[in-house]
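Q: Hey, got a minute to walk through this one with me? I'd like to go element by element.

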Amino acid sequence: MTQRLWDQAQAGETLDPLSFPLSVYRLVVTAGANRDFNSIHHNSEYAKASGAPEMYANTLLLQGMWERALRNYMGLDGQLRRIAGFRMNSFNCVGETVVVKGEVVRKWREGDEGFVEIKMWSENGGRMTVGPGLATITLPLAEATAP
Amino acid sequence: MAGDDAWKADWAAVVAQIGEDFSDGAVHYGVDRVERGAIRRYLEPLEFDCPLHYDPEVAAAHGHAGVTAPYTATVTFAMGPVWAPGESVFTSAERDAQPARVSVKPRMPRGAPPTTGYFATDMEVEFVRPVLEGERVGRRGNRLIACQPKETRVGRGAFLTFEGEMVDERGEVVVRSRHTLFVYNPHQA
């Protein structure tokens with residue numbers, strides 16, 4: 001995993017998109033992993049009775065997708081400080097593929113810390129299904145890593 | 001309020017409680033400490049290959065006292081058990097039967113109309129620090145911030161926004177969050 005420095009971050013820079021195909025298997029593994037056992041996320045009949053078209057991805061899975069994309073961008077010394085605007089506009093159902101994308105909006109310094117704000121969103125079938133939100137991260141400063 | 005919107009009056013008691021904290025003030029800790037195996041399982045459905053979360057040497061080299069959980073996993077480690085000794089929760093063989101006690105469900109304000117469905121719609125989370133293997137985290141506070149009755153394509157209910165925090169064993173905040181749920185009764189098929 002490449003370490004990105006705050007000095008390298010630029011507004012308009014895009015994150016590498018990540019795709020997450022949603023099978024029943026993946027949603028069942030997810031329920032066991034993040035402990036959200038609400039049946040709407042792993043039981044088609046139950047989900048349909050609740051008004052959804054199918055079982056659908058839970059919140060922590062969708063948030064984890066953003067975190068993975070952000071970690072890929074910021075490297076091991078980056079820190080995730082905040083996620084805002086994480087709005088789930090529509091269901092991300094089994095049989096669909098969620099694609100996470102991001103774009104650097106701005107960066108600033110507060111003392112010895114270098115902050116970067118990144119617009120994040122998830123797409124599904126060409127529609128934005130989560131976001132757009134804003135993630136705030138910190139990255140190491142070049143001056144702090146110089147020998 | 002008249003006509004088709006009359007049902008919104010059923011939520012007036014909840015609207016009147018905006019600003020109240022519906023928790024008991026105590027910290028409710030997750031059933032287990034943050035375990036490396038549980039962190040590993042959190043990574044699996046995400047295919048999240050970050051050694052901070054599974055390699056203690058890498059975590060130490062990057063300034064952490066141990067393997068860290070992903071930031072977004074903190075809430076998982078603050079959850080209660082599905083079953084506890086002495087309980088019987090799986091009491092029905094009906095296909096879609098729910099356990100007698102559900103481990104994850106909204107804590108509703110007093111006087112809320114009965115609803116059968118819910119899902120999260122919005123999250124805003126501030127991560128103060130990642131939690132480490134071996135730590136214990138719990139939930140504290142559950143303040144109602146907003147209540148907006150609404151009919152959507154899935155049913156009739158209300159958007160409820162709560163805020164709370166997650167703390168470590170010293171009571172220090174590791175996560176602050178606001179989340180919005182849509183609690184509702186589905187439209188009849």
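Q: What phi does G75(A) take, just after α3(A)?
A: A positive one, about 75°. Bear in mind that this is a predicted model.

Q: And α3(A) itself, how far apart are its end C-alpha atoms?
A: They're 22 Å apart. Helix α3 of chain A covers residues 59-74, and at 1.5 Å a residue its 16 residues should span 22 Å, so the two agree.

Q: Is that helix buried or exposed?
A: Buried: 16 of the 16 residues of α3(A) are, so the rest of the structure largely encloses it.

Q: Switching to the interface. How many residues of chain B are in contact with chain A?
A: 34 residues of chain B, against 39 residues of chain A.

Q: Which elements of chain B give two or more residues to that side?
A: α2 (36-43), α4 (74-77) and β2 (117-127) of chain B. The largest share, ten residues, comes from β2(B).

Q: What's the chemistry of that side of chain B?
A: It divides into 19 nonpolar, nine polar and six charged residues.

Q: Back to β2(B), how does it run against β2 of chain A?
A: Antiparallel, with four bridges joining β2(B) to β2(A), residues 79-87. As one example, D122(B) in β2(B) is the bridge partner of R87(A).

Q: OK, chain B overall. What order do the elements run in?
A: α-β-α-α-α-β-β-β-β from the N terminus on, which is four helices and five strands.

Q: And how much of chain B is buried?
A: 30% of its 189 residues count as buried. The C-alpha trace of chain B spans about 65 × 40 × 30 Å along its principal axes.

Definitions and conventions: Residues numbered from 1 in each chain as written. Chains lettered and ligands numbered in written order. Predicted model: local features only at pLDDT ≥ 70, side-chain atom pairs only at ≥ 80, totals over all residues. Expected span 1.5 Å × (residues − 1). Buried ≥ 20, exposed ≤ 12 C-beta atoms within 10 Å, placed from the backbone. Contact = placed C-beta atoms within 7 Å. Nonpolar A, V, L, I, M, F, W, Y, C, P; charged D, E, K, R; others polar. Pairing = 2+ DSSP bridges.
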